[in-house]
Amino acid sequence: MSNTLLNISTITKETLMELKNQLSFSGAVNRQYDEKFAVSGAKVGTVINIRKPVRFTVTDGPALEIQNIADQSVALTLDSQKHVGFQFSSKDLTLSIDEFKERYLKPAVTALANKIDYDGTGQYLNVFNSVGTPGTAPTTLALPLAAGVFMDESGAPVDDMRSLVLPSVLQSDFVTAGLTLYNDQAEVSKQYKRGKMGVAAGFNWKMDQNMRTHSTGAVDGAPQVKTTISVQGATTIAIDTITTATITGAYKAGDTFTIGSVFAVNPQSKQSTGRLMQFVVTADANAATNEVAALSFTPAIYSTGQYQNVDSLPQDNALVKTFNVASSAASSKVSPTGLAFHRDAFVLGMADLELPGGVDMAARASDPDAGLSIRIVRNYDINNDVFPCRLDVLYGWKTIYPELACRVQR
């Protein structure tokens, strides 16, 4: 049954609901909403500060040992305003909301949701744990299980907020692998009929066409640490013994690597996990005279103290393995990349946009529980009897706890 006239409030609420349903990768992350941003006369900037929990170490004996409290917070900048513009006629306002949604709102919101998701999947560049070999298709569910182990050893909560979001090609690999396993018959039936995994191996599985493909650097030979790191909190390392003297793009931002004899530790017990710590390159680096003078990486490396993450600091001549490969030819590898993560690894922050004056209509809809907000502004073109309209969102992305995520490479 048609409405007499659709109003902007109804349209905006329906748009927010559609946005919530359309989000894929973004639907599985921590979403935070801040209502202070669009308050007239009360500008609060463009940053949401997110506080991280303090970590302590345990001391032996009866004597009190006071530890300094080092509050850590990260700034999430709302730096992305995206919109979709379209127009409709006054006649279209007599449509039912379902017809209007199918004709106008759903296509517009799909475009917005895809852009939000695409920006979010770029957070993989901050994730240092990885499983799989670029160029090698998986044939079992070993990689998702290994990703789960990485997350367990990093202190990720074991709950129903773990997700595995994959590009289509990786999902296809894992569906094929999973069909041969003994599993819940209802889940296997869904996998067979829909070509999707559903819930398996401790994760809620999703396919997202916005997942990224990573192209690695072209470093060759068997690179080694050039100079022993002797300071806590280091974020750069010198590398030598590269075979080719000069390589442009020897390392690319997003490459992961390990360092010989530098093992990860459990964040609470500080005991070695028995696996080499992984790091991720944060800026492209070239090789000159068979060396990289300062390769930037994260996380910062600590072998002692509250934020200890390794059992020892890197030593001279320790082997540096990119993607766990001891040596490689001087060529880039292309790798479709999925992400296994707990909800709190990534944050999508959203805030209200101010409602402008001097227009036909303007409305906002927000859902604090879902962490979402959208604004619709409508004007009227008297010459053509149409309503130009725009849908806007304001958001920002941040990797808060990269240790609660793991890349799945193909």
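Rings of Phe, Tyr and Trp, for Trp the six-membered ring, count as a pair if their centres lie within 6.5 Å; planes under 30 degrees apart are called stacked, over 60 edge-to-face, and the rest tilted. By this rule the count here comes to 15 aromatic pairs.

Before the details, a word on the source. This is a predicted model, in which local features need pLDDT of at least 70 and side-chain atom pairs count only at pLDDT 80 or more, while totals for chains, interfaces and linings use all residues. Residues are numbered from 1 along each chain as its sequence is written, and side-chain values use heavy atoms, with hydrogens and water left out.

Two more terms will come up often. Helices (H or I, at least four residues) and strands (E, at least two) are DSSP runs, numbered from the N terminus. Buried means under 20% relative accessible area, exposed over 50%, and partly exposed in between, with a 1.4 Å probe and protein chains only.

Back to the rings. Take Phe 25 and Trp 397: their ring centres are 5.7 Å apart and their planes stand at 35 degrees, so this pair is tilted. Phe 25 is in the loop between α1 (8-22) and β1 (30-34), and Trp 397 is in strand β22, so the pair ties together parts that are 372 residues apart in sequence. Both Phe 25 and Trp 397 are buried. Tyr 380 and Phe 387 make another tilted pair, because their planes are at 50 degrees, with centres 5.0 Å apart. Tyr 380 is partly exposed at 35% relative accessibility, whereas Phe 387 is buried at 9%. These two belong to one aromatic cluster with Phe 86, Phe 88, Phe 100 and Tyr 104.

Rings also meet charges. A charge sits over a ring if NZ of Lys or CZ of Arg is within 6 Å of the ring centre and within 35 degrees of the ring normal. The charged end of Arg 212 sits over the ring of Tyr 118, 3.6 Å from its centre. Arg 275 does so over Phe 150, at 4.2 Å from the ring centre.

Next, the cores. A nonpolar core is a set of buried Ala, Val, Leu, Ile, Met, Phe, Trp, Tyr and Cys residues joined through side-chain atoms within 4.5 Å. How many residues does the largest one have? The answer is 76, and the residues with the most contacts inside this core include Phe 86, Phe 100 and Phe 346. Helix α2 (residues 97-121) gives the largest share of this core, 9 residues. Apart from it lies another core of 30 residues, among them Ala 218, Met 277, Val 280 and Leu 295. As for Phe 346, not counting residues up to four places away in sequence, its contacts (heavy atoms within 4.5 Å) include Phe 25, Phe 341 and Trp 397.

Now salt bridges. The rule asks for a side-chain nitrogen of Lys or Arg within 4 Å of a carboxyl oxygen of Asp or Glu, and by this rule the count comes to 14. In one of them, Asp 284 meets Lys 252, with the closest N and O atoms 3.7 Å apart. This pair links distant parts of the chain, 32 residues apart: Asp 284 is in the loop between β14 (272-281) and β15, and Lys 252 is in the loop between β12 (247-251) and β13 (256-265). Asp 284 counts as partly exposed at 49%, and Lys 252 counts as partly exposed at 31%.

Asp 360 and Arg 378 form a salt bridge with the closest N and O atoms 2.8 Å apart. Asp 360 lies in the loop between β19 (346-351) and β20 (361-367) and Arg 378 in strand β21 (residues 372-378), so parts 18 residues apart in sequence are tied together. Which partner is buried? Arg 378, at 4% relative accessibility; Asp 360 is partly exposed at 33%.

Arg 375 and Asp 392 meet in a salt bridge at 3.6 Å, N to O. Arg 375 is in strand β21 and Asp 392 in strand β22 (residues 386-399), so this pair ties together parts 17 residues apart. Both are buried, and with Arg 390 they are linked in a network of salt bridges.

Last, the backbone. Most residues other than glycine have a negative phi, and most peptide bonds are trans. A cis peptide bond joins Thr 298 and Pro 299, with omega about 5 degrees, and Pro 299 is in strand β16 (residues 292-301). Thr 289 has a positive phi of about 50 degrees, and Asn 290 has one near 65 degrees. Thr 289 counts as exposed at 60%, Asn 290 as partly exposed at 26%.
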